[in-house]
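Here is a friendly walk through one model, with the sequence and coordinates alongside. Keep the viewer open as you read.

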Amino acid sequence: MSFAFAKQPNNKARGPLRFLALILDLFFPRKCVACNTFGESICKNCFARIKKIHEPLTIPNLDCVYAIYRYEKHGVLQMAIKALKYRFIRDIAIYFRQDLGDFLIENFSKKDCVLVPIPLHPKREKWRGFNQSEELIRGLAWPIIKPLKRTRNTIPQAELDRTKRLVNLNGAFAIREKIQTRFLNKKIVLIDDISTTGATLCECAKVLKQAGAKEIYGVILAHGS
Ligand SMILES: [Zn+2]
């Protein structure tokens, strides 16, 4: 059960929702996922410890993949992503939107790019209540399309070793709906939270290329190990 929908760090909720948010904060006060300080899901001190790197990575089928932050084992980012994905604290995604949006503006053009969040299997999305990749770009003023679907509810990549991760995703994605030509001619930017082997991005890009996409990039929060 998650009440995180009401926990907006920027307190944009209004009317009854704002009132509900205040009540929920009273009974379920937000606290930092890294240091347990009350007030924010990631406090300013902990967020400042997440280092920005903008590291370019080479992953097959993609022109380039950029990681925005440095991944540290047991670091704030890892704890935040775990809380987002497995404790369903949805508002964690909001903390990363600004940097993600800034990175996109600095490196891509809204005119010739379209964002594609990595899809979850419907069963997993129902279990989590949201798709974290979509949450990361929600509300950003960029064109977003969702042409991919996950055809198999695969074992979470984090639970497998490297070889099994690559096999696990084979054929796990397909085209959900035909991509319009005007999008195929644009740079497609896949969005994901943490990529470890790059297998998910590689497999999604393969399917997009088969559907006619020409240039495919990836922007992820971090390259995990
Ligand atoms: Zn903290």
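## Helix α9 and its surroundings

Let's start with helix α9, residues 199-210 of this predicted model. With 12 residues at 1.5 Å a residue, α9 should span 16 Å, and its end C-alpha atoms lie 17 Å apart, so the two values agree. Just after α9 comes Gly212, whose phi is positive at about 115 degrees.

Which residues of α9 are buried? They are Ala199, Thr200, Leu201, Glu203, Cys204, Ala205 and Leu208. The cover over these buried residues includes three helix or strand segments outside the sheet, namely β4 (148-150), α7 (162-168) and β5 (173-175), along with β2, β6 (187-195) and β7.

## The sheet

Now for the sheet. Five strands make up an open sheet with mixed pairing, in the order β1-β2-β7-β6-β3. Its edge strands are β1 and β3, each of which pairs on one side only. From one strand to the next, the twist averages 25 degrees. Helix α9 packs on this sheet, where it touches β2, β6 and β7, and its direction makes about 160 degrees with that of β6.

As general background, strands of a sheet pair through backbone hydrogen bonds, in either a parallel or an antiparallel way. At one edge, β1 (residues 52-57) pairs with β2 (residues 64-69) in the antiparallel sense over four bridges. Here Lys52 sits opposite Tyr69 of β2. The two strands form a hairpin with six residues between them, and Asn61 in the turn has a positive phi of about 80 degrees. Strand β2 also runs parallel to β7 (residues 215-223), to which five bridges join it. Within that pairing, Val65 has Gly218 of β7 as its bridge partner.

At the other edge, β3 and β6 run parallel and are joined by five bridges. One pair to look for is Val114 with its bridge partner Ile188 in β6. Strand β3 (residues 113-117) is mostly covered, with four of its five residues buried.

## Gly198, just ahead of α9

Back towards α9, the loop between β6 and α9 holds Gly198. Is Gly198 buried or exposed? The count is 22 other C-beta atoms within 10 Å, and 20 or more is the cut-off for a buried residue, so Gly198 is buried.

What does Gly198 touch, once neighbours within four places in sequence are set aside? Its contacts are Leu57, Ile59 and Val65. Val65 is 133 residues away from Gly198 along the chain, yet their C-alpha atoms are separated by 9.2 Å.

## Helix α4

Helix α4 (residues 92-107) has 16 residues and reaches 24 Å from its first C-alpha to its last, close to the 22 Å expected at 1.5 Å a residue. A kink of about 30 degrees is centred on Gln98.

The buried residues in α4 are Ile92, Ala93, Ile94, Phe96, Leu100 and Leu104. They pack against α3 (76-86) and α6 (132-137), as well as against the strands β2 and β7.

## Two loop residues with positive phi

Two loop residues deserve a look on a backbone torsion plot. His74, in the loop between β2 and α3, has a phi near 65 degrees, a positive value in a residue other than glycine. His74 has 7 other C-beta atoms within 10 Å; a residue with 12 or fewer counts as exposed, so His74 is exposed.

Phe88 lies in the loop between α3 and α4. Although Phe88 is not a glycine, its phi is positive, at about 60 degrees. With 18 other C-beta atoms within 10 Å, Phe88 falls between the cut-offs of 12 and 20, so it is partly exposed.

## Confidence

How far does the predictor's confidence extend along the chain? The mean pLDDT of the protein chain is 88, and 92% of its residues reach 70 or more. Over residues 1-12, however, pLDDT stays under 50, and the model has 30 contacts beyond four places in sequence for this stretch. In general, predicted coordinates should not be read in detail where pLDDT is low.

Terms used:
Residues numbered from 1 in each chain as written. Predicted model: local features only at pLDDT ≥ 70, side-chain atom pairs only at ≥ 80, totals over all residues. Pairing = 2+ DSSP bridges. Expected span 1.5 Å × (residues − 1). Bend = angle between axes of the 7 residues up to and from the residue. Contact = placed C-beta atoms within 7 Å. pLDDT = per-residue confidence, 0-100. Axes fitted to C-alpha atoms, helices over the stretch in contact; angles between N-to-C directions.
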